[in-house]
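Please look over the sequence and the 3D structure shown below before reading on.

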There are 2 protein chains.
Amino acid sequence: MTAAKHDVFQAIADPTRREVLRLLADKELPISEITSHFPISRTAVAKHLHILSEAKLVRGEKVGREKIYQLQPETLIEVKQWLSYYERFWDNKLSILKHVVENDDENGFTMIKDDCE
Amino acid sequence: MTAAKHDVFQAIADPTRREVLRLLADKELPISEITSHFPISRTAVAKHLHILSEAKLVRGEKVGREKIYQLQPETLIEVKQWLSYYERFWDNKLSILKHVVENDDENGFTMIKDDCE
DNA sequence: ATAAAATGAAACCATATAGTTTTATTTATT
DNA sequence: AATAAATAAAACTATATGGTTTCATTTTAT
C-alpha cells in the first residue's frame, strides 16, 4: 500500500485530535457527541476524525443516521516502536523521574509516586 | 511557563525532523554535516533544527564558527507518558505482535521475536 | 589582509492546515 | 407526509509549514 496522506505522527500532532483520542478511549461516540466536547464546529471535528481515520487511529461505522467512531489503539504501536529506539537513553528510571519532576507544571500531569504502598 | 510555539508532538510530526533526531542519536553534529544527509537546503535544515530546539528535543552549542547540535532525548519521555495512557489496550503482547505482523511491509521494520531464547 | 567556511537572517512562495459558513442528503420522528 | 436530526460535501479564509534565494556576519585559514 502507498503511504496515506496522513500518518500517525501527523495525526497526533494536533492537540484537538489527541483529545478526541482520549474521549474515544473511554467509549465509542457519534460525531455530534464528540463535537459537544469542543468549542469548534461539527464540521471541523468531522475533519479531524477523517484525519484520524486516514491514520487508522480511529474507525467510523455508520449506524442509522449517525456515524459512530471508535478508537483503533493498535496503530499507536507504531509510535511506541519509534520511541523504543530512544529508550536506551533513558532506560534507567532515574532520568525519567528527573525529567518528570523538572517539568511538573508544564505537562499537565499530576505525578503520584507509584509504589507508595 | 507558557507553552512554546512548537511542542514535542508537532516537532516529531515531520519525517525530516525524525530523521534528524536519528542522526543526532548517533553523535552530535554541526548543521552543515546534518544538511549533507538531506536533499534540502542548509537553511531548511536550520529551520528544522530551530523547531526541534524549541521543542527541547535538541540543543545547539556554538563552537568556533560552527553550531553543534546534540540530541536531548529526555524530552521524548513526554511522548512515552502520553502513550502510556493507551498501553492498557495492548499491554498484552499478542496484540502488539498481531499488529506488527499485519503491517510488516509498511513500517520499514524487520521484526525479530524478542524472547526466542 | 583576504578569502573561504559556517551560520544567521530576511524576504518570498506554494501548499497544507484548521477553521468557518452554506447547501444537500439521509434517516428518524411525529 | 412533513419536520427534525445527523452527517456529508463544497467553497472559502487566515495562518502555518516547508521550502527557496539572497545578503550579512562571524570565524578560521592562507
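The text that follows describes the surfaces around the DNA strands and then the nonpolar core.

This is a predicted model, in which local features need pLDDT of at least 70, side-chain atom pairs count only at pLDDT 80 or more, and totals for chains, interfaces and linings use all residues. Residues are numbered from 1 along each chain as its sequence is written, chains are lettered from A and ligands numbered from 1 in the order in which they are written, and side-chain values use heavy atoms, with hydrogens and water left out.

DNA strand D is surrounded by 22 residues, of which R42(A), Q10(B), S41(B), K47(B) and H48(B) are the closest. A residue is near a strand if one of its heavy atoms lies within 4 Å of it. By class, this surface near DNA strand D has 5 nonpolar, 8 polar and 9 charged residues. Here Ala, Val, Leu, Ile, Met, Phe, Trp, Tyr, Cys and Pro count as nonpolar, Asp, Glu, Lys and Arg as charged, and the others, Gly among them, as polar. Of the atoms of DNA strand D within 4 Å of the protein, 61% belong to sugar or phosphate, and the rest to bases.

DNA strand C has 23 residues around it, and the closest are Q10(A), S41(A), K47(A), H48(A) and R42(B). Of the atoms of DNA strand C that come within 4 Å of the protein, sugar and phosphate account for 62%. The surface near DNA strand C divides into 5 nonpolar, 8 polar and 10 charged residues. Its largest share, 5 residues, comes from α4(A), while α4(B) gives the largest share, 5 residues, of the surface near DNA strand D. Helices (H or I, at least four residues) and strands (E, at least two) are DSSP runs, numbered from the N terminus.

The table lists polar contacts, meaning pairs of N or O atoms within 3.5 Å.

| Protein atom | DNA atom | Distance |
|---|---|---|
| I31(A), backbone | strand D, phosphate oxygen | 3.0 Å |
| Q10(B), side chain | strand D, phosphate oxygen | 2.4 Å |
| S41(B), side chain | strand D, phosphate oxygen | 2.5 Å |
| D14(A), side chain | strand C, phosphate oxygen | 3.1 Å |
| T43(A), side chain | strand C, base oxygen | 3.4 Å |
| I31(B), backbone | strand C, phosphate oxygen | 3.0 Å |

The largest nonpolar core has 59 residues, and I34(A), L76(A), I34(B) and L76(B) touch the most other members. Such a core is a set of buried Ala, Val, Leu, Ile, Met, Phe, Trp, Tyr and Cys residues joined through side-chain atoms within 4.5 Å, where buried means under 20% relative accessible area (1.4 Å probe, protein chains only). Beyond its neighbours within four places in sequence, I34(A) is in contact with V20(A), L23(A), L24(A), L29(A), V45(A), L49(A) and Y69(A), contact meaning heavy atoms within 4.5 Å.

Key: Buried < 20%, exposed > 50% of the residue type's maximum accessible area, 1.4 Å probe, protein only. Polar contact = N/O pair within 3.5 Å; in protein donor to acceptor, adjacent residues only side chain to side chain.
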